[in-house]
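Subject: Structure for you to look at

Dear colleague,

I am passing on the structure we spoke about. Please have it open while you read the notes below it.

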Amino acid sequence: MSLRILATFRLLSENIKNIMAAISSITGGEMNPSSAAFCENAVPTYAMYESLKDICHNNMEYFKVDDSENGQRLHGGFMSLMTNVDVVLPLVDHVRKVVHLYDFDEKTPGNGYRSFVSVVDSSILHGVKLGRQVCIARDSLIFRKWYYTKEVEACSQLLASLCSCLHHLHTLLSWSEPGELFPSEQYSPEQLLAQTETINQYCFYGRCLGFQYQPSMRSILKGISICMAGFSEAYYSRGHIINSVWAGGKFMIDPELRARRIVNISQYADIEFCKSFWFLAESEIMQKLPNLGAATIAVNRLIAIPPEPIELTKIDGSSITIQVPDVHIGPQTLNVRLLSKVKRQGMVGEGNGGKPLSRGLLFHCHGGGFVAHTSRSHEVYLREWATLLDVPILSIDYSLAPHAPFPRAPQEVFYAYCWALKNAALLGTTAERIILAGDSAGANLNLVACLRMVAEGIRLPDGIFMAYAPMLVNFIVSPARLLCLMDPLLPFGFMMRCLKAYACPANNANGNDSEKNKQNLSISTDKDFLKLSPSQDGPNGIMGISDTSSFEEVSESDLVELQAHKSFTSDHLSDTLSGASLSSEHKTLVTPTNEDRSQQYVSDFLEKYVLESDTDSEGHKIPVLKKKSLTETGSLESATLTEGKSLTDTNTYERSIKSPPSKGIHTRLSEAAGSIVGTVSSKLSNLASSSKKSKSPDSVPANLDALIARSPSDEFVFNVPRDPYLSPYWASEDVLAKLPPVKILSVHLDPCLDDCVMFAKKIKRLGNPVTLDILEGLPHGFLSFSRICKEAHEGSLLSIKRIKELMDLDSLKPLQDEAKQNNGS
């Protein structure tokens with residue numbers, strides 16, 4: 001026995017040396033599995049594969065004589081793992097030899113093919129680590145044979161699924177021209193998925209979840225996956241909500257059950273589940289926890305832009321009138337959030353005091369798959385951006401799908417940009433330099449708005465910063481798009497539903513006839529955007545209620561619907577709420593026939609906990625805040641309620657978000673923890689009641705864990721128009737050549753990576769200044785984790801660096817007043 005142990009450790013020592021040599025040659029000494037695929041020298045990389053085979057063989061021989069059930073399963077598991085290594089090696093080798101042909105340039109290695117090679121190499125390192133653990137622990141008296149049996153089997157299944165993915169990549173290589181990541185249009189996703197067996201997605205969401213990401217991200221992604229599975233238990237619960245919450249704990253201790261639930265939910269759940277889960281980021285708890293250590297800023301204010309035409313002067317000196325977005329339910333106010341490190345002169349709501357006007361402005365659009373999130377959830381990184389950039393940030397709360405599908409959001413972003421040009425002084429800036437910045441869907445909307453500026457002849461921004469942006473709003477069969485089959489944050493089904501909700505609405509939310517709906521869905525080629533519906537999904541908040549309140553921000557449309565439900569009149573409003581929160585003389589509102597479930601949560605919550613009715617002197621019912629709920633929570637004591645006021649030529653209603661007095665970390669932690677019980681209780685109770693009312697009992701089977709996985713090809717049942725205002729990649733070269741400098745940031749494991757690479761190539765060929773940064777080991781949407789992940793925070797700092805390079809305020813000539821002061825001194 002001692003000789004066997006000695007031989008085992010000698011083998012392990014040799015394997016470890018080989019692995020460390022391979023990793024050092026690839027990463028320059030830093031052990032980062034996600035870097036393994038980015039080395040052109042394949043010899044050290046192959047050493048990892050051979051090391052895994054040696055370890056598997058050693059463990060096979062050890063457990064060959066073990067007659068127990070788990071012992072024989074371990075023997076079979078290592079045999080299967082070694083066999084899969086032999087199968088995957090030539091497949092990945094073929095892809096590895098050609099990945100360099102698809103890079104943006106020699107200095108920027110990165111594309112979907114490289115990403116998959118990196119994923120396979122990471123799985124090999126995961127297997128080496130697992131095999132080494134078994135070798136070391138197998139002679140121990142406390143060796144958990146049953147545990148390692150499942151781990152080895154899961155690792156073997158992982159490699160088998162990656163083999164299927166590599167077969168798909170080989171097909172894509174045969175369908176594409178060298179250097180082209182998008183195959184010829186004659187090939188469809190259904191054809192690709194029919195080339196080989198269905199990919200086993202379960203292995204990506206179970207015990208091996210997050211193996212391809214940075215170690216600091218794995219625990220975060222695992223926690224999110226557990227939350228998603230537990231949330232589905234509550235969302236689709238037919239029983240008591242508390243029982244569902246307690247039952248959700250099973251997903252923490254049973255990785256296989258969690259994997260089945262996530263895959264089944266991603267395949268069967270509708271867009272309303274996606275919206276509801278992603279809107280958890282808007283909850284009070286999620287907002288308080290990251291902000292405990294966030295940067296403190298002096299200005300954090302919501303501004304409601306009234307729906308009025310805007311007169312602008314074009315570049316050629318002529319005048320143009322920008323019409324109000326009016327699709328679906330007509331004109332309505334548009335909320336934007338102003339963030340600034342300091343108060344500046346003329347800044348809305350700040351009087352005449354403060355520092356001089358900034359010379360730059362960052363115009364920001366948030367991500368969220370076109371269906372979720374607001375500027376509030378993206379404060380996680382915007383606060384730091386406002387502090388380090390030291391320029392005002394204007395973030396747009398555009399309307400969301402499916403109640404506001406394309407092109408409502410692009411219309412609103414373009415309208416907000418024009419408003420910012422005309423009212424720059426109200427934002428505390430001279431707007432000498434304007435940079436568009438956005439992540440994911442927000443980056444797409446910013447770029448589309450810029451295309452509209454080119455068409456209209458309006459002043460262009462001075463630069464565009466885009467993070468992990470989708471340039472093709474369609475499921476093009478590119479290698480990077482296949483990464484969503486294993487993405488914990490953006491599963492395949494979620495991605496498809498977001499695309500369909502935004503680009504291909506099934507029917508008109510306004511209840512108009514089908515002929516009008518067909519007309520609205522026609523392809524837009526001129527300067528007038530298509531006219532579809534605006535959102536009712538929460539970007540417009542209550543005017544005058546602080547973000548530090550105990551209940552979530554509520555959209556204007558939510559209150560309108562609640563107002564209609566309770567038969568309130570908008571002519572007689574209590575002084576408790578600003579008039580802008582319930583009505584506007586500029587709006588013509590039509591309540592959608594199918595109420596969004598996310599709205600229902602908020603409406604039920606307001607009706608139960610926040611609003612009650614009272615009677616004015618004329619006998620009309622009016623909405624007021626419940627005094628009991630406010631005094632019990634004590635959360636609105638410091639809120640500043642501001643009535644609508646006239647600012648310059650526009651009736652701009654604004655909400656001040658006052659920063660609370662400085663508190664110690666223990667006090668802030670205690671306050672955050674103290675609100676958790678009440679908030680969770682009300683949210684879960686509301687969740688249970690509203691989900692029972694609004695969901696169809698037949699929409700998702702009761703036993704979610706008994707569902708059978710279906711082929712991903714079942715999702716390809718829609719067509720997306722080839723419209724440059726929907727997919728900027730299709731814009732003409734004449735238009736793209738007029739774009740300002742562009743800086744793109746993406747990650748190797750992003751399903752939208754190929755979009756970014758191909759778009760960067762396209763505008764580079766046109767002579768436009770463009771840079772592309774590709775980060776390793778991070779997921780799509782990593783900016784939202786910048787407060788809790790070191791690598792994500794480094795990515796956020798890189799974003800700030802690129803924005804500063806575009807802004808380039810140091811190159812501006814001094815203002816005349818400043819020059820005179822300098823001369824006088």
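Here is what was found in it, with the terms explained as they come up.

This is a predicted model, in which local features need pLDDT of at least 70 and side-chain atom pairs count only at pLDDT 80 or more, while totals for chains, interfaces and linings use all residues. Residues are numbered from 1 along each chain as its sequence is written, and side-chain values use heavy atoms, with hydrogens and water left out.

The largest nonpolar core (buried Ala, Val, Leu, Ile, Met, Phe, Trp, Tyr and Cys residues joined through side-chain atoms within 4.5 Å) has 203 residues, and Trp 385 and Phe 759 are among those with the most contacts inside it. Helix 5, residues 145-175, gives the most to this core, with 14 residues; helices and strands here are DSSP runs of at least four (H or I) and at least two (E) residues, numbered from the N terminus.

In strand 6 (residues 393-396), Ile 393 and Ser 395 point one way and Leu 394 and Ile 396 the other, and all are buried, meaning under 20% relative accessible area with a 1.4 Å probe, protein chains only. Strand 6 is joined by four bridges to strand 4, running antiparallel, and by four bridges to strand 5, running parallel, where pairing requires at least two DSSP bridges.

Lys 762, in helix 23, is buried yet has no salt bridge, and the nearest side chain of opposite charge, Glu 733, is 6.2 Å away; a salt bridge needs a side-chain nitrogen of Lys or Arg within 4 Å of a carboxyl oxygen of Asp or Glu.

Best regards

Definitions and conventions
Buried < 20%, exposed > 50% of the residue type's maximum accessible area, 1.4 Å probe, protein only. Lys, Arg positive; Asp, Glu negative; His and termini not counted.
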